Amino acid sequence: MEKFYLTTPIYYPSGRFHIGTAYCEVLTDSINRYKKMRGFDTFMLTGVDEHGQKIEDKAKEDGLEPKQYVDIQANKAIELWKQMDIRYNKFMRTTDDYHIPAVQKIFERFLSQGDIYKGEYEGWYCKPCESYFTETQLVDGKCPDCGREVSKMKEEAYFFNMKKYSDRLLEYYDSHPDFIKPDFRKNEMINNFIKPGLEDLCVTRTSFSWGIPVLSDPKHVIYVWLDALTNYLTALGYNSDNDEMFKKFWPADVQIVGKDIARFHLIYWPIFLMALDLPLPKTILVHNWFMMKDGKMSKSKGNVIYPEQLIDRYGLDATKYYLLKEIPLASDGVFTPEEFVDRYNFDLCNDLSNLLNRTVSMVNKYYDGYVPEYNGVPNEVDSSLESDAKQAITTFEEYMSKYEIANAVSSIWTFVSRTNKYIDEVSPWILAKEVDGEDEKTKSEKAEKLKSSMYHLIANIRQIAIMIRPFMEATSDNMLRQLGIDSKNITWDSLNEYKDIKGIKVIEKGEPIFMRLNPEEEIEYIKSLMKK
Ligand code: ME8
């Protein structure tokens, strides 16, 4: 079996995760499930990034020791991912005992290779981002990443010599077109950071103690980004007594990160790997953000929405559908209650749920619930539907291979619409009347058409149920159950097989998978959540 290693960022466990933060997890989980369905031996890593001044400060605010604080926070993250049915293989914590010595070894190696040297750092420091910036990097005197206030700081520190690797990095970008997705992020890195000249990166701090001490100079703690980025290696046992998993899964196949941390993952991370003489990940996928109408989601603005609030009222699958559909890879998505309710009512209820319901009720009415045998010779209308069905799979697979999930999801709904249109084209209720009619000549032809239409509808719904499985598994199960198909035997490769439709009996009374929401009430409800 071919391996597939995929990672999310490790989150700062310093507050409740809103839908923006949950997005990356849902995205990665969906890719993981898809790859699993396609027969890959996958390993998904997620976790928390527990060191650094920000965490030390937060713990103090709560009157706790940093470790006590992160223990509580890490459990909250685990609980949320459980509620969201995120099927990761490992939950990484940077306070884990194997991680600390492994990072210390990495640091000492860089030091002995001359990649890290001792100097003095003076610069503009953004506390929430734990990053230093030069004067020219500031935007309107504020942090270029988060827009918050920065302060001038000076300390003895160790530096990583980034310049040494900048040509090699550019060459790597050039010779590995799949390394950065989407493509425009590469130019952003080259034009904004590499071409103007890479600054050496300050990789230690003495201003706080909650971090991993440098082995050979313990008054310094290792900069949180060096500590954090290397989690992708140490989680697999790199630099430990047992590195079997590392040997099996490294290099990562896709590492998924949000746009604000693109610079760390597209510049510093590959350089660290080059310095360690390790292969680079095949792809780093940078996603955009969920915004609100009035800009960033933030507690102080009172415009935050949390995933569990949507899940509790609308279910996990509807929430995931919305998240995945609404952020195109290369631009931000905007969360609005109106759009959420529209997508629920139009896409999930009108398009998907009604398609299943209409079909189940027709099969019951015309054939007592048994999907009819069909002679296998498609008429013109059915042929065109069959070729669209094949095309739908190809289009979906192409988008998934480029990790364009929003497009992949949309392509399924194009196919749902196509199938709904087929019902109107064929008008089975007219065929049914003609089958019962007087005209002996057309009777058998119409009977065959009616059979074929029911068969094709069931085949398409089965296909849709399989295609949505990577992100809407409960809905997929529900749909298959109503069709009378056992979801246990479903694999991606069975998409093109219609064998298991033969002789199936659909549920006697169809159950709507999504019920229409009252738009006014629900929009008000979601708005009230955002104000709390
Ligand atoms: O950056 N929409 O952690 P973090 C989409 N610990 N994604 C969003 C978002 C939004 N509105 N807000 C945040 C860190 N994110 C580091 C990572 S990895 C070695 C260390 C995303 O908790 C953000 O882009 O601040 C990032 O990918 C993730 O949430 C975690 O952010």
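In this predicted model, a nitrogen atom of the ligand lies 3.0 Å from a polar backbone atom of Gly-20. A second backbone contact involves Ile-10, where a polar atom of the main chain is 2.7 Å from a nitrogen atom of the ligand. Trp-289 contributes through its side chain instead, with a polar atom placed 3.1 Å from a ligand oxygen atom. On its own, the ligand has 670 Å² of accessible area, and the protein covers 93% of this.

The wider surroundings of the ligand fill in the picture. The space it takes is the largest pocket, and 20 residues surround the ligand. Ile-10, Tyr-12, Asp-49, Asp-260 and Phe-290 are the closest of these. By character, the shell around the ligand divides into 11 nonpolar, 7 polar and 2 charged residues. Among the elements that each supply at least two residues of this shell are strand β1 (3–11) and the helices α1 (19–37) and α7 (224–229).

Strand β1 also leads to the sheet. It belongs to an open sheet of 6 strands, paired in parallel and ordered β3-β2-β1-β11-β12-β7. The edges are taken by β3 (90–93) and β7 (180–181), each of which has a single partner strand, so one side of each is left without a neighbour in the sheet. Strands of a sheet pair through backbone hydrogen bonds, in a parallel or an antiparallel manner. Further along the order, β11 (residues 254–258) runs parallel to β12 (residues 283–287), and 5 bridges join the two. Within this pairing, Ile-256 has Leu-285 of β12 as its bridge partner.

Definitions and conventions. Residues numbered from 1 in each chain as written. Predicted model: local features only at pLDDT ≥ 70, side-chain atom pairs only at ≥ 80, totals over all residues. Heavy atoms only, no water. Pairing = 2+ DSSP bridges. Helix = DSSP H or I, 4+ residues; strand = E, 2+ residues; numbered from the N terminus. Near = heavy atom within 4 Å. Polar contact = N/O pair within 3.5 Å; in protein donor to acceptor, adjacent residues only side chain to side chain. Areas by Shrake-Rupley, 256 points an atom, 1.4 Å probe, with all protein chains shown as cover. 1 Å grid on protein atoms, 1.4 Å probe; cavity = no way out; pocket = protein on both sides within 12 Å on 5 of 7 lines; lining within 4 Å. Sits in = over half its atoms within 2 Å of the grid points. Nonpolar A, V, L, I, M, F, W, Y, C, P; charged D, E, K, R; others polar.
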